[in-house]
Amino acid sequence: LQSWVGFSNLPNQVHRRSVRRGFQFTAMVVGESGLGKSTLINTLFETKLYAPKEYPPPGVERGKTVQIESISADIEENGVRLKLTIVDTPGFGDYVNNDESWKPIVDNIEARFDAYLEQENRVNRKQLIDNRIHACIYFIQPTGHSLKPIDIEFLRRLHTKVNLIPVIAKADTLTDEEITSFKQRVLADIAHHGIRIFQPPQYENEDEETIQENEEILSKVPFAVVGSDTLVRAADGRQVRGRAYPWGVIEVDNESHCDFVKLRQMLVRTHMEELREHTNDVLYEDYRTDKLRAMGV
Ligand code: GDP
Ligand code: MG
């Protein structure tokens with residue numbers, strides 16, 4: 001199997017001991033219907049995913065309006081094992097009254113924290129199953145204007161519970177200039193509302209190449225993504241994953257066409273371990289502390 005995902009770089013990302021045990025990594029996609037969530041999942045992982053037998057995960061209930069669906073893959077690269085799960089949330093923003101669209105998603109994320117906490121409290125806690133959400137990819141409609149109230153509400157409710165990674169959906173529907181200015185407006189909105197999106201820690205003793213690679217990735221946030229699960233023929237005759245227009249082809253895997261490659265790099269190659277760490281050390285820890293305090297422990 002070719003190194004198609006690239007997570008075998010994980011040992012360099014931090015812990016050696018996890019390599020033997022294997023990793024669990026779970027990402028969630030959220031955004032209004034039709035923004036390309038399902039397509040992006042397929043684009044990220046092609047056909048490598050399957051619907052797990054265990055459904056839903058233990059202790060996780062399905063929301064009443066927004067559905068929660070997950071697919072997983074057990075993959076191995078260069079001796080590193082990874083159980084990768086992608087959680088899709090169809091139904092978000094589809095209702096006349098979307099005031100509480102975020103609620104089933106918060107409930108789901110918290111139920112996963114609870115399931116983990118429950119395992120930690122067991123006497124025999126050798127093999128903890130980590131179904132916590134390590135990253136939440138939030139799809140922003142490519143309006144070119146600014147964030148919508150439903151976006152702001154979601155991001156504000158979720159930023160203390162999960163690593164938020166905002167993306168601009170269907171970036172092929174905007175020009176390069178529109179993307180640049182839309183990104184600035186989105187970031188300004190995020191700052192204005194005091195929303196914390198995932199910020200990787202800056203290490204000082206990194207080599208120059210790593211620092212540069214990280215800066216490259218961060219400079220693309222919010223990632224302007226294009227998804228496609230079909231091949232099209234580029235002008236030079238190559239078969240590429242992309243979307244064809246009368247004026248040409250937008251290539252998913254071409255970094256000068258969109259930020260898809262950078263998003264994938266961040267998720268699986270450069271920042272998977274940091275996403276896991278921040279989830280465990282900060283987001284989960286805060287949740288756990290509050291919970292235990294509320295219980296009077
Ligand atoms: P979901 O409801 O968020 O899961 O959206 P889907 O993945 O089902 O996509 C909805 C429609 O948008 C489909 O017709 C896709 O082919 C199309 N689509 C998905 N991604 C893109 C994209 O990046 N650009 C464009 N132009 N269309 C896309
Ligand atoms: Mg879908």
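I will go through the fold, the aromatic rings, two helix packings and a few single residues of this structure, which is a predicted model.

Let me start with the overall picture. The protein has nine helices and nine strands, and of its 297 residues, 49% count as buried. If we take the contacts between residues at least 6 apart in sequence, 72% of them join residues at least 24 apart.

Now to the aromatic rings. A pair of aromatic rings is described by the distance of the centres and the angle of the planes. Searching the whole structure gives seven aromatic pairs, and one of them is formed by Phe 92 and Phe 154, whose rings are edge-to-face, with 5.3 Å from centre to centre and 75° between the planes. Phe 92 belongs to the loop between strand 3 (80-88) and helix 4 (103-120), while Phe 154 belongs to helix 5 (residues 149-158), so this pair ties together parts of the protein that are 62 residues apart in sequence. Both partners are shielded: Phe 92 counts as buried, at 1% relative accessibility, and Phe 154 counts as buried as well, at 0%.

Another pair, Tyr 245 with Trp 247, is stacked, the centres being 4.7 Å apart and the planes 5° from each other. Here Tyr 245 has a relative accessibility of 28% and so counts as partly exposed, whereas Trp 247, at 59%, counts as exposed.

There is also a group of rings to look at, because I will come back to its members when I turn to the helices: Phe 113, Tyr 116, Tyr 284 and Tyr 287 form one aromatic cluster. Which side chain brings its charged end over the ring of Tyr 116? That side chain is Arg 132, whose charged end sits 3.6 Å from the centre of the Tyr 116 ring, and Arg 132 also lies over the face of Tyr 284, at 4.7 Å from the ring centre.

This leads to the packing of helix 4 against helix 9 (residues 272-294), where the two axes come within 11 Å and cross at roughly 85°. Helix 4 and helix 9 are therefore roughly perpendicular to each other. On the side of helix 4, the contact is made by Glu 110, Phe 113, Asp 114, Tyr 116, Leu 117 and Glu 120, and on the side of helix 9 by Thr 279, Asn 280, Leu 283, Tyr 284, Tyr 287, Arg 288 and Lys 291. Phe 113 and Tyr 116 of helix 4, together with Tyr 284 and Tyr 287 of helix 9, are thus listed in this contact, and these four residues form the aromatic cluster I mentioned.

The second packing involves helix 3 (residues 37-45) and helix 8 (residues 260-270), with axes 11 Å apart and an angle of about 70°. That angle makes helix 3 roughly perpendicular to helix 8, and the crossing of the two helices is right-handed. Helix 3 contributes Leu 40, Thr 43 and Leu 44 to the contact, and helix 8 contributes Phe 260, Leu 263, Arg 264 and Leu 267.

Let me now turn to single residues, beginning with Thr 85, which is placed in strand 3. Is Thr 85 buried or exposed? With a relative accessibility of 7%, Thr 85 counts as buried. Leaving out neighbours within four places in sequence, Thr 85 is in contact with Phe 25, Thr 26, Ala 27, Ser 70, Ile 71 and Ser 72. Along the chain, Asn 97 is twelve residues from Thr 85, and the C-alpha atoms of these two residues are separated by 30 Å.

Next comes Lys 183, in helix 6 (residues 176-192), and at 14% relative accessibility this lysine counts as buried, the cut-off being under 20%. When residues up to four places away in sequence are not counted, Lys 183 touches Ile 168, Lys 220, Pro 222, Ala 224 and Asp 259.

One of those contacts, Pro 222, deserves a word on its backbone. Pro 222 lies in the loop between helix 7 (208-218) and strand 6 (223-224), and the peptide bond that joins Val 221 to Pro 222 is cis, with omega at about -5°. Most residues other than glycine have a negative phi, and most peptide bonds are trans. The first part of that statement brings me to my last residue. Lys 170 is not a glycine, yet its phi is positive, at about 45°. This residue is found in the loop between strand 5 (164-168) and helix 6, and at 37% relative accessibility Lys 170 counts as partly exposed.

Definitions and conventions. Residues are numbered from 1 along each chain as its sequence is written. Chains are lettered from A and ligands numbered from 1 in the order in which they are written. This is a predicted model: local features need pLDDT of at least 70, side-chain atom pairs count only at pLDDT 80 or more; totals for chains, interfaces and linings use all residues. Side-chain values use heavy atoms; hydrogens and water are left out. Rings of Phe, Tyr and Trp (its six-membered ring) pair if their centres lie within 6.5 Å; planes under 30 degrees apart count as stacked, over 60 as edge-to-face and the rest as tilted. Helices (H or I, at least four residues) and strands (E, at least two) are DSSP runs, numbered from the N terminus. Buried means under 20% relative accessible area, exposed over 50%, partly exposed in between (1.4 Å probe, protein chains only). A charge sits over a ring if NZ of Lys or CZ of Arg is within 6 Å of the ring centre and within 35 degrees of the ring normal. Axes are lines fitted to C-alpha atoms, for helices over the stretch in contact, and angles run from 0 to 180 degrees between N-to-C directions. Angles under 35 degrees count as roughly parallel, over 145 as roughly antiparallel, 65 to 115 as roughly perpendicular and the rest as oblique. A crossing is left-handed if the near helix is turned anticlockwise from the far one by less than a right angle, and right-handed if clockwise. Contact means heavy atoms within 4.5 Å.
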